[in-house]
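Work through the exercises below with the structure in view. Try each task before reading its solution.

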Amino acid sequence: MTENKVQEIEKRNQKYLETLQGNLGKYVSFLSTMARFHKYAVKDLASFALEAPAIYTAVADEEIWRKPFNRKKSANAHGIQFIRNS
């Protein structure tokens, strides 16, 4: 991932986190996301909250879905962009 893309994602996530202040509905929704994906960093959770509908219950790399779970992604599926700590 390019540095520009990383900065774009960080900026978008920061803007989202700032919108949580004073908006109880968004804040409760974000807390729900945090509860479902508690192993991820807050900056990644912002991406999940922005891009993953509330019905999502699991997030994994495409290879993980394919091999151990024998699942295929649907044709209209899209990935959630978040920043991995390498």
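**Exercise 1: a covered helix**

The buried residues of α3 are Asp44, Leu45, Ala46, Ser47, Phe48, Ala49 and Glu51. The model is a predicted one.

Task: Find how many of the 10 residues of helix α3 are buried, and name what covers them.

Solution. Step 1: Locate helix α3, which spans residues 42-51. Step 2: Count its buried residues; seven of the 10 are buried, and the helix is mostly covered. Step 3: Look at what lies over these buried residues; the cover includes α1 and α2 (24-36).

**Exercise 2: two helices in contact**

Task: Decide whether α1 and α3 are roughly parallel or roughly perpendicular to each other.

Solution. Step 1: Two packed helices are described by the angle between their axes and by the distance between those axes. Step 2: Take both values for this pair: the axes of α1 and α3 come within 9 Å and cross at roughly 80 degrees. Step 3: Angles of 65 to 115 degrees count as roughly perpendicular, so α1 and α3 are roughly perpendicular to each other. Step 4: List the residues that meet. From α1 these are Ile9, Arg12, Asn13, Tyr16 and Leu17, and from α3 they are Val42, Lys43, Ala46, Ser47, Ala49, Leu50 and Glu51. Step 5: Sort this contact by class, which gives seven nonpolar, two polar and three charged residues.

**Exercise 3: buried or exposed**

Task: Classify Asn13, Lys67 and Asn70 as buried or exposed.

Solution. Step 1: Buried means under 20% relative accessible area, and exposed means over 50%. Step 2: Asn13 lies in helix α1 (residues 3-19). Its relative accessible area is 4%, so Asn13 is buried. Leaving out residues up to four places away in sequence, Asn13 touches Lys43, Ala46, Ser47 and Leu50. Step 3: Lys67 lies in the segment after α4 (62-66). Lys67 counts as exposed because its relative accessibility is 57%. Step 4: Asn70 also lies in the segment after α4. At 67% relative accessibility, Asn70 counts as exposed. Asn70 is not a glycine, yet it has a positive phi of about 55 degrees.

**Exercise 4: the largest pocket**

Task: Describe the largest pocket by its volume and its lining.

Solution. Step 1: The space in the largest pocket is about 810 Å³. Step 2: It is lined by 21 residues, and the closest to its centre are Val59, Ala60, Trp65, His78 and Gly79. Step 3: Divide the lining by class: 10 residues are nonpolar, five are polar and six are charged.

Key. Residues are numbered from 1 along each chain as its sequence is written. This is a predicted model: local features need pLDDT of at least 70, side-chain atom pairs count only at pLDDT 80 or more; totals for chains, interfaces and linings use all residues. Side-chain values use heavy atoms; hydrogens and water are left out. Helices (H or I, at least four residues) and strands (E, at least two) are DSSP runs, numbered from the N terminus. Buried means under 20% relative accessible area, exposed over 50%, partly exposed in between (1.4 Å probe, protein chains only). Contact means heavy atoms within 4.5 Å. On a 1 Å grid over the protein atoms alone, a cavity is a set of points where a 1.4 Å probe fits but cannot get out, and a pocket is an open set with protein on both sides within 12 Å along at least five of seven lines; lining residues have an atom within 4 Å of a point. Grid points are joined across faces, edges and corners, and a volume is the space filled by probe spheres set on the points. Ala, Val, Leu, Ile, Met, Phe, Trp, Tyr, Cys and Pro count as nonpolar, Asp, Glu, Lys and Arg as charged, and the others, Gly among them, as polar. Axes are lines fitted to C-alpha atoms, for helices over the stretch in contact, and angles run from 0 to 180 degrees between N-to-C directions. Angles under 35 degrees count as roughly parallel, over 145 as roughly antiparallel, 65 to 115 as roughly perpendicular and the rest as oblique.
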